[in-house]
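Work through the two exercises below with the structure open. Each task is followed by its solution in steps.

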Amino acid sequence: MTDPAVTVSRGRRTGVWPLIRAERAALAVDLADMTDEQWKTPSLCAGLTVREVLAHLTAGASLNAVRWMAGVIRCRFDFDKQVAVRLAEQLGTTPAETLERFRRVVPSTTKPPLPAIAMLGETIVHGEDIRRPLGIRRDYPSEVVTQVAEYYQGSDLVVVAKGRVDGLKLVADDGPFTTGSGPLVFGPTLALVMAMTGRATYCDELEGDGAELLRSRCETV
């Protein structure tokens, strides 16, 4: 049996961009046969449909640092407005066009001024924002979700994650991820990632003395 830590190490050596491309491609396949009604399904991102979240992912893969900063300045440093504007640019006139625009950026290495691992995290987290309400399940490679978990436990850059798990000990029961100290929260690595990024519904898959505290932080942080 392969040591999970060895698998994670091998995954790191391959680089992050191939992992991002693989996750984008898998999401495009999962959404290939959606009905118009399914595209209107509310996502786990408050106020956004699954179609709008997909357009947001396309926008993130279409913005380099210069275009991102230009948009921020035009929006007078209102980051939420910048996100909404870029999303609208990539939505298209039909769900089929939204999906086609996303397919075009599958191989893209364009990104805002963020580390590539943050782009991988965005792809997985927003992919789940789309998949979970649609009842779609993906069996993520252990090394991929472990890398994302390790990134989020130490970062509040894109979303409050490090602050959300402060004072808690997180332990994956399906891989090598562990971090922190304090009341224990344990469960699948993916559920830990999603809870770290504020998705309270994934706390249903977590156990331990700290699980309810983490759930409360998902709702307030």
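The exercises treat one helix pair and one strand with its partners in this predicted model.

**Exercise 1.** Describe how helix α8 packs against helix α9, and list the residues that make the contact.

Solution.
1. Locate the helices: α8 covers residues 116-134 and α9 covers residues 142-152.
2. Take the geometry: the two pack at an angle of about 115°, and their axes are 9 Å apart.
3. Classify the angle: 65 to 115 degrees counts as roughly perpendicular, so α8 is roughly perpendicular to α9.
4. Assign the hand: the crossing of α8 past α9 is left-handed.
5. List the contact: α8 contributes Ile117, Ala118, Leu120, Gly121, Glu122, Ile124 and Val125. From α9 come Val144, Val145, Gln147, Val148, Tyr151 and Tyr152.
6. Sort these residues by character: 10 are nonpolar, two are polar and one is charged.

**Exercise 2.** For strand β1, state which residues lie on the covered face and which on the uncovered face, then find the sense in which β1 pairs with β2 and with β3.

Solution.
1. Split the strand, residues 169-172, by face: Leu170 and Ala172 are on the covered face, Lys169 and Val171 on the uncovered one.
2. Pair β1 with β3 (residues 184-187): the sense is parallel, over four bridges. Within this pairing, Ala172 stands opposite Gly187.
3. Pair β1 with β2 (residues 178-179): the sense is antiparallel, over two bridges. Here Val171 has Thr178 as its bridge partner.
4. Trace the connection: β1 and β2 are joined by a hairpin through five residues.

Conventions:
Residues are numbered from 1 along each chain as its sequence is written. This is a predicted model: local features need pLDDT of at least 70, side-chain atom pairs count only at pLDDT 80 or more; totals for chains, interfaces and linings use all residues. Side-chain values use heavy atoms; hydrogens and water are left out. Axes are lines fitted to C-alpha atoms, for helices over the stretch in contact, and angles run from 0 to 180 degrees between N-to-C directions. Angles under 35 degrees count as roughly parallel, over 145 as roughly antiparallel, 65 to 115 as roughly perpendicular and the rest as oblique. A crossing is left-handed if the near helix is turned anticlockwise from the far one by less than a right angle, and right-handed if clockwise. Contact means heavy atoms within 4.5 Å. Ala, Val, Leu, Ile, Met, Phe, Trp, Tyr, Cys and Pro count as nonpolar, Asp, Glu, Lys and Arg as charged, and the others, Gly among them, as polar. Buried means under 20% relative accessible area, exposed over 50%, partly exposed in between (1.4 Å probe, protein chains only). Two strands pair if DSSP finds at least two bridges between them.
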